[in-house]
Amino acid sequence: MKIRLLDCNDAQIFRSIRLEAVHDTPMAFAESVAEAKGRSLADFENYLDSHNRGDFVLGAFDERDALVGVVGFYREAHVQYFHKGVIWGMYVKPAFRRRGVGAALLSAAIERTRTLAGIRRVNLAVTSPNGAAKRLYERLGFRVYGIEPAA
């Protein structure tokens with residue numbers, strides 16, 4: 001497995017896996033299937049071309065060079081929150097789960113955030129029923145700091 005930064009040339013495969021993700025686990029994403037389907041290829045290119053603040057999307061590729069997992073990061077935009085970032089869009093294709101892909105992706109994202117000047121906190125959200133994801137996040141150092149009702 002290889003993990004690398006996705007760029008604009010990856011917009012089509014990123015769009016495909018994102019559509020799969022929101023369809024496969026709709027409760028795990030704020031974006032609905034309809035919203036994801038409504039996004040243009042240019043929208044996905046924009047996601048992948050926002051590195052100016054340190055934002056990024058990483059992809060995990062199998063031995064055939066097929067994209068099997070993704071994770072994104074964005075830095076808060078407001079100056080007073082610029083020390084914080086958010087992990088978003090974590091997804092691993094079902095056939096590749098429980099094989100270390102999620103841990104490798106998230107570890108790579110954490111390492112990349114450590115290279116960003118001024119980042120002191122990285123947050124993420126997970127739905128309550130997603131026990132496997134919660135265990136992974138806790139294993140990699142994330143701690144529960146609150147529960148959002150009706151999220």
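**Notebook: Glu20, the sheet and helix H5**

I started at Glu20, which counts as partly exposed at 26% relative accessibility. For my own record, buried means under 20% relative accessible area, exposed over 50%, and partly exposed in between, with a 1.4 Å probe and protein chains only.

**Ground rules**

I am reading a predicted model, where local features need pLDDT of at least 70, side-chain atom pairs count only at pLDDT 80 or more, and totals for chains, interfaces and linings use all residues. Residues are numbered from 1 along each chain as its sequence is written, and side-chain values use heavy atoms, leaving out hydrogens and water.

I checked confidence next (pLDDT, the predictor's own, from 0 to 100 for each residue). The chain averages 91, and 98% of the residues score at least 70. Among the elements of the chain, E2 has the highest mean pLDDT, 97, and H5 the lowest, 88. Helices (H or I, at least four residues) and strands (E, at least two) are DSSP runs numbered from the N terminus.

**Back to Glu20**

I placed Glu20 in helix H1, residues 11-24. Which residues does Glu20 contact, leaving aside its neighbours within four places in sequence? I found Tyr91, Lys93 and Pro94, taking contact as heavy atoms within 4.5 Å.

Tyr91 held my attention: 71 residues separate it from Glu20 in sequence, while their C-alpha atoms are 9.3 Å apart in space. Their side chains make a polar contact at 2.9 Å. That term covers a pair of N or O atoms within 3.5 Å; within protein, one must be able to donate a hydrogen and the other to accept it, and residues adjacent in sequence count only if both atoms are side-chain atoms.

**The sheet**

I followed Tyr91 into strand E4, where it stands opposite Val70. What is the order of the strands in the sheet? I traced an open sheet of five strands, E1-E2-E3-E4-E5, with mixed pairing. Strands E1 (2-5) and E5 (121-123) are the edges, each pairing on one side only. Pairing here takes at least two DSSP bridges between two strands.

I also looked up the twist: neighbouring strands of this sheet are turned by 25° against each other on average, direction ignored. The axes are lines fitted to C-alpha atoms, for helices over the stretch in contact, and angles run from 0 to 180 degrees between N-to-C directions.

Do E3 and E4 run parallel or antiparallel? They run antiparallel, joined by six bridges. Besides Val70 and Tyr91, I noted Gly72, whose bridge partner in E4 is Trp88. On the other pairing I checked, E4 and E5 go together in the parallel sense over three bridges, and Val86 stands opposite Asn123 in E5. E4 is mostly covered, with eight of its nine residues buried.

**The loops**

I then went to the loop between strand E2 (56-61) and strand E3 (67-75), where Asp62 sits. Is Asp62 buried or exposed? It is buried, at 7% relative accessible area. Its side chain makes a polar contact with the side chain of Arg64 at 2.9 Å. Not counting residues up to four places away in sequence, Asp62 touches Val68 and Phe96.

Asp65 is found in the loop between E2 and E3 too, and I noted its positive phi of about 65°, although it is not a glycine. At 46% relative accessibility, Asp65 counts as partly exposed.

My other entry of this kind is Arg98, in the loop between E4 and H4. Its phi is positive, near 65°, again in a residue other than glycine. Arg98 counts as exposed, at 80% relative accessibility.

**Helix H5**

I closed with H5 (residues 131-139), whose buried residues are Ala133, Leu136 and Tyr137. Why do these residues line one face of the helix? Seen down the axis of H5, its buried residues fall within an arc of 95°, so they line one face; the arc is that of the directions from the helix axis to the C-beta atoms. An α-helix has 3.6 residues a turn, so residues three or four places apart point the same way.

I found that the cover over the buried residues of H5 includes strand E4 (84-92) and helix H4 (101-113). The face turned away from the buried side carries the exposed residues Arg135 and Arg139. Just after H5, I logged Gly141 with a positive phi of about 105°.
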